[in-house]
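Hi everyone, thanks for making time this morning. I'd like to walk you through a structure that will be new to most of you, so let's put it on the screen.

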Amino acid sequence: VTAARVQLEQLYRELAPSLLLYFRRQRALAGAAEDLVQDTFTRVLRRPERMRASISARAYVFGIARHVGLDMLRARREHVPWQDMAGPAADERDERVEAMRAAIATLPEPQRETLLLRLQQELSYEEIAEVLGVPVGTVRSRLHHAVLRLQEILKPSVNLKSEPK
Amino acid sequence: MKTENLEALLLDRAFGQLGPEVAELLDEYLMQNPTVGVQAAVLRGTVEIARVAVALPPSTINQTPLRDFAAVQRSLEWRGLSRETLKIAACVAVGLSLGWMARASKGVPDAVRRTELVRIAPPPTISPAEAFWSRKRIEAELSHPTRRHAPLPWPIAQPQQTRDKS
């Protein structure tokens with residue numbers, strides 16, 4: 001029991017900061033980010049044995065975090081449009097970066113969520129598939145369409161063969 | 001190479017999901033096909049800009065407060081305790097509700113509610129001299145018999161069986 005507790009505590013130290021940012025990035029959840037992180041790990045602690053069946057602990061924890069966030073939004077019964085809480089990055093003067101932020105905000109939610117899990121949390125395709133509960137092929141497809149759409153928005157002159165569906 | 005496969009490979013490479021051996025083969029292919037190489041560069045550029053756009057500055061990450069693990073564990077224990085308490089409270093509430101409903105129900109007969117009807121009457125007071133097995137009562141019965149029984153016929157005749165011939 002002690003060894004398991006030490007492992008869970010180590011997992012908390014590793015993943016809690018990423019989870020906190022994950023919630024804080026979403027304007028609708030930013031105010032309750034600390035509570036949501038605690039709720040997430042409370043659920044993890046309740047049934048830690050389920051983590052073994054997962055691809056990775058990271059994917060399992062983020063999957064629970066996603067459900068925790070969705071539960072809170074459902075409880076509020078209000079639809080808050082996604083809005084990035086990102087502060088100015090190092091390249092804040094780069095117009096392309098600002099345009100990219102605006103373009104990402106216009107993506108369909110499944111595509112944007114998949115893209116953020118890959119670029120922000122650096123989850124693999126398999127991990128993203130587990131978090132979202134979709135096949136790996138769907139993850140790849142969403143990323144493909146998201147990138148194509150971003151290219152279209154940012155550089156309309158670039159002609160790619162596929163069209164986002 | 002098919003267009004779909006090539007696009008998938010370019011995407012995997014842009015997202016860093018391509019193995020080193022496959023990436024090396026892809027590089028050779030792109031060197032031989034400069035047009036596709038330009039397309040690959042545009043794709044990678046788009047992904048890199050997106051990566052920068054969604055990244056947070058390190059100062060934000062370092063300033064993020066974090067609750068300690070013990071607080072999370074205490075939260076779990078408290079929730080477990082509160083869940084048990086809620087179960088007990090629910091049982092008590094259900095019991096009280098059923099009791100109240102049974103009491104307020106009109107289907108209960110009045111005789112049940114009237115406690116006077118079920119009271120046990122006090123035993124009659126009989127003096128020992130007049131009791132059933134008292135010597136006085138037995139002597140009176142023997143000296144003045146009030147009832148004589150006719151002797152029973154013996155042996156008892158069996159009833160005759162009659163056949164209905166009609």
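Let's begin with two helices of chain A: α1, residues 2-24, and α3, residues 57-76. Please keep in mind that this is a predicted model. The axes of these two helices come within 11 Å and cross at roughly 40 degrees. α1(A) and α3(A) are therefore oblique to each other, and their crossing is right-handed.

Which residues of α1(A) and α3(A) meet? From α1(A) we have A:L11, A:L15, A:S18, A:L19, A:Y22 and A:F23. Across from them, α3(A) brings A:A57, A:R58, A:V61, A:F62, A:A65, A:R66 and A:G69. Sorted by character, the residues of this contact are nine nonpolar, two polar and two charged. If you wonder about the spacing along a helix, an α-helix has 3.6 residues a turn, so residues three or four places apart point the same way.

Now let's turn to a single residue, A:A33. You'll find A:A33 in helix α2 of chain A, which covers residues 33-46. Is A:A33 buried or exposed? Its relative accessible area is 0%, under the 20% cut-off, so A:A33 is buried. Leaving aside residues up to four places away in sequence, A:A33 touches A:L20, A:F23 and A:R24. We have already met A:F23, one of the α1(A) residues in the contact with α3(A). A:G69, from the α3(A) side of that contact, is 36 residues from A:A33 in sequence, and their C-alpha atoms are 9.2 Å apart in space.

Further along chain A comes helix α7, residues 136-154. α7(A) has 19 residues and reaches 27 Å from its first C-alpha to its last, close to the 27 Å expected at 1.5 Å a residue. The buried residues of α7(A) are A:V139, A:L143, A:H144, A:H145, A:A146, A:V147, A:L148, A:L150 and A:Q151. What do they pack against? Within chain A, the partners are α4 (95-105), α5 (109-119) and α6 (125-132). The buried residues of α7(A) also pack against chain B, at α1 (3-14) and α3 (34-54).

That brings us to chain B itself. How many helices and strands does chain B have? The count is seven helices and zero strands, giving the pattern α-α-α-α-α-α-α along the sequence. Of the 166 residues in chain B, 17% are buried. And among chain B contacts between residues at least 6 apart in sequence, 38% join residues at least 24 apart.

Thanks for listening, and I'm happy to take questions!

Terms used:
Residues are numbered from 1 along each chain as its sequence is written. Chains are lettered from A and ligands numbered from 1 in the order in which they are written. This is a predicted model: local features need pLDDT of at least 70, side-chain atom pairs count only at pLDDT 80 or more; totals for chains, interfaces and linings use all residues. Side-chain values use heavy atoms; hydrogens and water are left out. Helices (H or I, at least four residues) and strands (E, at least two) are DSSP runs, numbered from the N terminus. The expected span of a helix is 1.5 Å times one less than its number of residues. Buried means under 20% relative accessible area, exposed over 50%, partly exposed in between (1.4 Å probe, protein chains only). Contact means heavy atoms within 4.5 Å. Axes are lines fitted to C-alpha atoms, for helices over the stretch in contact, and angles run from 0 to 180 degrees between N-to-C directions. Angles under 35 degrees count as roughly parallel, over 145 as roughly antiparallel, 65 to 115 as roughly perpendicular and the rest as oblique. A crossing is left-handed if the near helix is turned anticlockwise from the far one by less than a right angle, and right-handed if clockwise. Ala, Val, Leu, Ile, Met, Phe, Trp, Tyr, Cys and Pro count as nonpolar, Asp, Glu, Lys and Arg as charged, and the others, Gly among them, as polar.
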